[in-house]
Amino acid sequence: MNSILFSNMVRFIMLILLQVFICNQMNFLGNINPYIYILFILLYPISTNRFSFIFISFCLGLIIDIFLDSGGAHAAASVSIAYIRPLFLKFSFGAAYEYQAIKFKDSEFLQRIVYFALLILIHHLILFAFVIFDASKINLMISRALSSGVFTLFLTLILHSLFSQKEK
């Protein structure tokens with residue numbers, strides 16, 4: 001088994017365990033929950049088969065849905081950001097994406113923040129639209145998406161910084 005496949009499998013399992021056993025137990029101010037499992041989707045290798053990536057993202061979201069009993073909201077949000085991810089990679093990293101030369105651990109901090117923040121915001125907007133599913137509560141959807149999104153962004157940047165080391 002090659003090292004990239006093994007590291008992705010470990011990341012997949014560890015993020016699910018962190019999400020289910022730690023992050024799902026957090027509840028700040030009644031409505032702020034971090035969803036760090038999407039770090040797997042954000043950091044998945046670029047040069048892989050897109051169909052398998054979308055399928056793996058669906059499986060990730062479905063597993064979280066099973067643990068949270070959320071009826072497919074996480075799977076829908078995960079598949080959505082997996083599908084649109086190439087647009088945001090190109091927007092955030094430009095020519096490096098065109099040449100498939102993006103290395104997240106070596107990229108500029110601002111590029112990572114923009115990329116992470118945009119996809120996290122979209123994920124959370126889709127997620128809370130499905131969870132709340134009431135047009136009259138659009139302010140609630142947006143406030144929960146923004147508050148949880150900021151907290152998720154903060155935690156994903158910390159986790160990414162802790163577990164990725166720059167090569168010298």
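Visitor: Which distance separates the end C-alpha atoms of α1, and what span should its 19 residues have?
Guide: In this predicted model, the comparison rests on a rise of 1.5 Å a residue. Over the 19 residues of α1, that rise should give a span of 27 Å. The distance between the end C-alpha atoms agrees with this expectation, at 26 Å.

Visitor: Within what arc do the buried residues of α1 fall, seen down its axis?
Guide: The residues concerned are N8, F12, L15, I16, Q19 and V20, which are the buried residues of α1. Seen down the helix axis, they line one face of α1, because their directions fall within an arc of 120 degrees.

Visitor: Why might residues three or four places apart share a direction?
Guide: Residues at that spacing in an α-helix point the same way, because the number of residues a turn is 3.6.

Visitor: Which residues are exposed on the other side of α1, and which helices do its buried residues pack against?
Guide: On the side away from the buried residues, S3 and F21 are exposed. The buried residues of α1 have packing partners in two helices, α2 and α3.

Visitor: Which helix gives the most residues to the largest nonpolar core?
Guide: This core has 40 residues, and those with the most contacts inside it are L39, L42, L60, Y115 and F116. At least two of its residues come from each of α1 (3-21), α2 (39-43), α3 (50-68), α4 (73-93), α6 (109-132) and α7 (138-163). The helix that gives the most, with 7 residues, is α4.

Visitor: Is H74 of α4 buried or exposed?
Guide: The place of H74 is in helix α4. Its contacts, leaving aside residues up to four places away in sequence, are Y35, Y37, G61, I64, D65, L68 and L127. The cut-off for burial is a relative accessible area under 20%. H74 has a value of 2%, and therefore counts as buried.

Visitor: Where is D69, and is this residue buried or exposed?
Guide: D69 lies in the loop between α3 and α4. Its phi is near 55 degrees, a positive value in a residue that is not glycine. Because its relative accessibility is 71%, D69 counts as exposed.

Visitor: Where is C23 found, and which residues does C23 touch?
Guide: C23 is found in the loop between α1 and α2. At 4% relative accessibility, C23 counts as buried. The C-alpha atoms of C23 and N33 are separated by 6.9 Å, although these residues are 10 apart along the chain. Not counting residues up to four places away in sequence, C23 touches L18, P34 and I36.

Visitor: How many disulfides does a search of the whole structure find?
Guide: Cysteines of the protein include C23, which is buried, and C59, which counts as partly exposed at 24% relative accessibility. For the whole structure, the number of disulfides found is 0.

Visitor: How many helices and strands does the protein have?
Guide: From the N terminus on, the elements run α-α-α-α-α-α-α. The secondary structure thus comes to 7 helices and 0 strands.

Visitor: What share of the contacts with a separation of 6 or more joins residues 24 or more positions apart?
Guide: The protein has 168 residues, of which 40% count as buried. About 9500 Å² is exposed, with 69% of this area supplied by carbon and sulfur atoms. Among contacts with a separation of 6 or more, the share from residues 24 or more positions apart is 66%.

How values were computed. Residues numbered from 1 in each chain as written. Predicted model: local features only at pLDDT ≥ 70, side-chain atom pairs only at ≥ 80, totals over all residues. Heavy atoms only, no water. Core = buried A, V, L, I, M, F, W, Y, C linked by side-chain atoms within 4.5 Å. Buried < 20%, exposed > 50% of the residue type's maximum accessible area, 1.4 Å probe, protein only. Helix = DSSP H or I, 4+ residues; strand = E, 2+ residues; numbered from the N terminus. Expected span 1.5 Å × (residues − 1). Arc of directions from axis to C-beta. Contact = heavy atoms within 4.5 Å. Disulfide = S-S within 2.5 Å. Areas by Shrake-Rupley, 256 points an atom, 1.4 Å probe, with all protein chains shown as cover.
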